[in-house]
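The following exercises concern helix packing and burial. Each task is followed by a solution in steps.

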Amino acid sequence: MTRSAPLVSIVLATNRTSQFLADALTSVQAQSYPNWELVVVDDGAPDSSAILRAVETVPGARVIHQPSLGVSIARNAGAAHTSGRYLAFLDDDDRWQHTRLERQVELLESMPDAVASFCGMRTIDSNGVVLAEAEQRDIKGRLAVARRDTGIILPNLLIRRTAFEQAGGFHSRIRQAEDLDLVLRLAELGSFARESAALVDYRAHDENTTKRYRELTRSIDHVLALHRWAALERGDTELALALAESLRKNDRFAWWSALRAAKASLRQKQPGAALADVGWALRVAPRGLVDGVWRRARGIRD
């Protein structure tokens, strides 16, 4: 790749001093694709100086400071301060393989009708040990996106700026599942191109927001229900059905998360906490357990 290649704008929004920030920034500097810019948005972090020191290691990177307004507003602000043809959003605890940008840019350049590309994404632990290999697979059309037939989330997306702006960016009031909301809106504008290689490492650890599974489940449910209501209002029955299936998937996720949390509580000899996890799942997703058992018995995977 030469410097005449399209500019990629990388936005990293953070409200903390992550122990993994240096690793994330190093993975940006190691990219084989050279034509990128980096903006880090400090969303009211308690120690801005630590963020500044970390970002100083990346030549040309800029830091924007704002009060704590939430990740959606922070990312929109970062995007507004950049000018690249493509947008990539990096979390402060994830990392990229060195050909991530190169391969996804090439894919989008070859598919001008695609609004975004997504790649394979592994899950790693705090030490970088792989917990789960990439499971992303090909999808066709907006209904597959609405059903969430494969894992398309912000960390493994490269988004065409024109599509991001047409979709309206991130919803300013959504603080979790904001990427799902954006993906659903992007799917109404065009297709998603898949890069099969696992180019992103998503880090699972005690501090990241997906550990707060109750909040995440509720946010996903709200986003899907809102989009389903909008589909019904405009008479888009196919999309409404696909989103209803996605809501059932979220019920199964609620049970998977609750049972996982309950097992962890039992290992720590906290039976009361385990019962609370199961009780929560019974209240918010009563059909999720039966649905999950039925699908597993028939060998159906999400």
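**Exercise 1.** Determine how helix α7 (residues 178-187) and helix α8 (residues 213-233) pack.

*Solution.* In this predicted model, α7 and α8 pack at an angle of about 25°, with axes 9 Å apart. The two helices are therefore roughly parallel to each other (angles under 35 degrees count as such). The crossing of α7 past α8 is right-handed. On α7 the contact (heavy atoms within 4.5 Å) is made by L180, D181, L184 and R185, and on α8 by I220, V223, L224 and H227. By class, this contact has five nonpolar, one polar and two charged residues.

**Exercise 2.** Identify the buried residues of helix α4 (residues 100-110) and their arrangement.

*Solution.* Buried (under 20% relative accessible area, with a 1.4 Å probe and protein chains only) are R100, L101, Q104, V105, L107 and L108. Seen down the axis of α4, they fall within an arc of 160°, so they line one face of the helix.

**Exercise 3.** Describe the surroundings of L157 in strand β8 (residues 157-160).

*Solution.* L157 is buried, with a relative accessible area of 1%. Leaving aside neighbours within four places in sequence, its contacts include R100 and Q104, as well as L87, F118 and V183. The C-alpha atoms of L157 and W280 are separated by 32 Å, and these residues lie 123 residues apart along the chain.

**Conventions.** Residues are numbered from 1 along each chain as its sequence is written, and side-chain values use heavy atoms, leaving out hydrogens and water. Local features need pLDDT of at least 70 and side-chain atom pairs count only at pLDDT 80 or more, whereas totals for chains, interfaces and linings use all residues.

How values were computed: Axes are lines fitted to C-alpha atoms, for helices over the stretch in contact, and angles run from 0 to 180 degrees between N-to-C directions. Helices (H or I, at least four residues) and strands (E, at least two) are DSSP runs, numbered from the N terminus. Angles under 35 degrees count as roughly parallel, over 145 as roughly antiparallel, 65 to 115 as roughly perpendicular and the rest as oblique. A crossing is left-handed if the near helix is turned anticlockwise from the far one by less than a right angle, and right-handed if clockwise. Ala, Val, Leu, Ile, Met, Phe, Trp, Tyr, Cys and Pro count as nonpolar, Asp, Glu, Lys and Arg as charged, and the others, Gly among them, as polar. Buried means under 20% relative accessible area, exposed over 50%, partly exposed in between (1.4 Å probe, protein chains only). The arc is that of the directions from the helix axis to the C-beta atoms.
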